[in-house]
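Visitor: I should be grateful for a close look at a single part of this model. Please set that part against the chain as a whole.

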Amino acid sequence: MTRPMTMPLIPGLHFRAFDPATDYPGLVDLIQATSLFDKLDWLPTVEYLRNDYEHMDGFDPGRDVLIAEDDGLICAAAEAMVETRDGRGSHHSEAWVAPAWRRRGIGRALLRWIEQRAAAVALVDGRAGPRELETWIDLTQLGAAVLLEQEGYQVARHGLRMLRDLSLPIAPLDLPPGLEIRPVVQADHRRIWDADAEAFQDHWNSAERTDADYEGWYTNPELRTDLWRVAWAGNEVAGGVMTSISPIENELLGIERGWLEHVSVRRPWRRQGLASALIVSAMLGLRGAGMSEAALGVDAQNLTGAVGVYERLGFRRSRTTVKYRKDF
C-alpha cells in the first residue's frame with residue numbers, strides 16, 4: 001500500500017509537473033550538482049536527457065517527472081518509469097535533492113509521490129501479475145539508504161563499477177576461429193541490437209526491450225559506433241561490446257574515460273574467449289581515441305563469471321551500487 005505524499009512545510013518551496021519546453025537545463029543542472037557533491041559519475045547533458053526521456057516506452061515527462069522549486073530554481077526532482085523485467089512490472093525511480101535542501105523532508109515527499117505515480121500507472125498500463133518498486137543507489141549514499149529502509153524497501157542486489165587503467169599494458173587476444181570484427185554500419189544496427197538483447201535475456205533481472213529502446217539507443221547524442229567491437233560468424237552476430245564516451249561528463253570530472261556499455265556474447269559462442277577478445281579490442285580502441293581509463297558496470301552476483309573475466313583483464317572494483325526494492 002502506498003502512503004500519502006506529505007508536503008514539507010518550507011516557505012517558498014512548491015512542487016509542480018516538469019515542463020519539457022523549459023525545464024531540461026534546470027533539471028540537468030540539479031543532476032550534475034548532486035552527482036558531483038555525492039562523488040557519483042553520471043553527469044548527463046540536456047541533449048542526452050531529452051533523448052532519454054523521449055524514448056522511454058510509455059513515459060511522459062510532463063506526468064512522470066516531479067519538480068520541487070524555490071523562487072524559480074529547481075532544487076529537487078524525481079522521475080518514475082516502468083518496464084517489464086523477468087515478467088514483472090518493475091517501477092524504477094530516480095530522485096535528486098540539492099545538497100542545501102537535504103534533511104528537510106523533501107526526499108521522503110518525492111519517494112511517496114513516486115509510489116503514488118507507480119500505483120496510478122499500474123492501473124492502466126496493461127501489465128498483469130506482480131509489481132515491484134525499485135531504485136539503485138551508491139553504497140556511500142547513507143541518507144538515501146536510511147530513507148528507503150524506513151519506507152519499507154529492502155536490499156535486493158549489488159552491482160559493481162569497475163575501472164581499468166589504459167596506460168597499463170594491454171595484450172591483444174585472438175578471436176575464436178571463424179569469427180571476425182567488422183565496422184558497424186547502419187544497415188546492421190537492428191541485427192546487432194537484437195543479438196545483444198537475446199544475449200542479455202540470460203542475465204538476472206533482464207528488461208524486456210521495446211522499439212522505443214532501440215530508437216533511443218541509436219539516437220543517443222554520445223553514440224560512438226566507430227568504437228564498438230562486434231564479432232560476426234558469417235551473417236550472424238556472435239557478440240559485441242558497445243563502447244561510449246561522454247565528453248562533457250569527462251570534462252566535469254577531470255578525466256578521460258570511455259565506457260563499455262554492453263558486453264554480450266550469444267550462447268553458441270560462449271566459453272571460447274570471445275568476450276575477453278572483444279573487451280581487449282575495445283580497450284585498445286579507447287586508448288587510440290585518447291582515453292586514459294575504461295569503465296563498466298556489472299552485476300556483482302553475475303553467474304556467468306563476468307566479474308572474474310574483467311578482473312583478469314585488469315579491471316578493478318571502484319564502487320558498489322545497491323538495488324532497493326519492495327512489492328506493491
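Guide: In this predicted model, the radius of gyration of the protein chain is 21 Å, which agrees with the value near 20 Å that a compact globule of 328 residues would have. The C-alpha atoms fill a box of roughly 65 × 45 × 35 Å along the principal axes. Of the 328 residues, 50% count as buried, and the secondary structure comes to 10 helices and 12 strands. Among contacts between residues at least 6 apart in sequence, 75% join residues at least 24 apart. The chain exposes about 15,800 Å², of which carbon and sulfur atoms supply 52%. Its side chains include 37 positive and 48 negative ones, and the centres of these two sets lie 6 Å apart.

The part chosen for the close look is glutamate 208, which is found in the loop between helix H6 (189-200) and helix H7 (211-218). Glutamate 208 counts as exposed because its relative accessible area is 51%, and the cut-off for that class is over 50%. Leaving aside residues up to four places away in sequence, glutamate 208 touches Thr84 and Asp213. Arginine 88 is 120 residues from glutamate 208 along the chain, yet their C-alpha atoms are separated by 9.9 Å.

Helix H4 offers a second view of the chain. For its 17 residues (106-122), a rise of 1.5 Å a residue gives an expected span of 24 Å, and the end C-alpha atoms are 24 Å apart, which agrees. The buried residues of H4 include Ile106, Leu110, Trp113, Arg117 and Val121.

Note on methods
Residues numbered from 1 in each chain as written. Predicted model: local features only at pLDDT ≥ 70, side-chain atom pairs only at ≥ 80, totals over all residues. Heavy atoms only, no water. Helix = DSSP H or I, 4+ residues; strand = E, 2+ residues; numbered from the N terminus. Expected span 1.5 Å × (residues − 1). Buried < 20%, exposed > 50% of the residue type's maximum accessible area, 1.4 Å probe, protein only. Rg over C-alpha atoms; globule rule 2.2 N^0.38 Å. Contact = heavy atoms within 4.5 Å. Areas by Shrake-Rupley, 256 points an atom, 1.4 Å probe, with all protein chains shown as cover. Lys, Arg positive; Asp, Glu negative; His and termini not counted. Charge placed at Lys NZ, Arg CZ, Asp CG, Glu CD.
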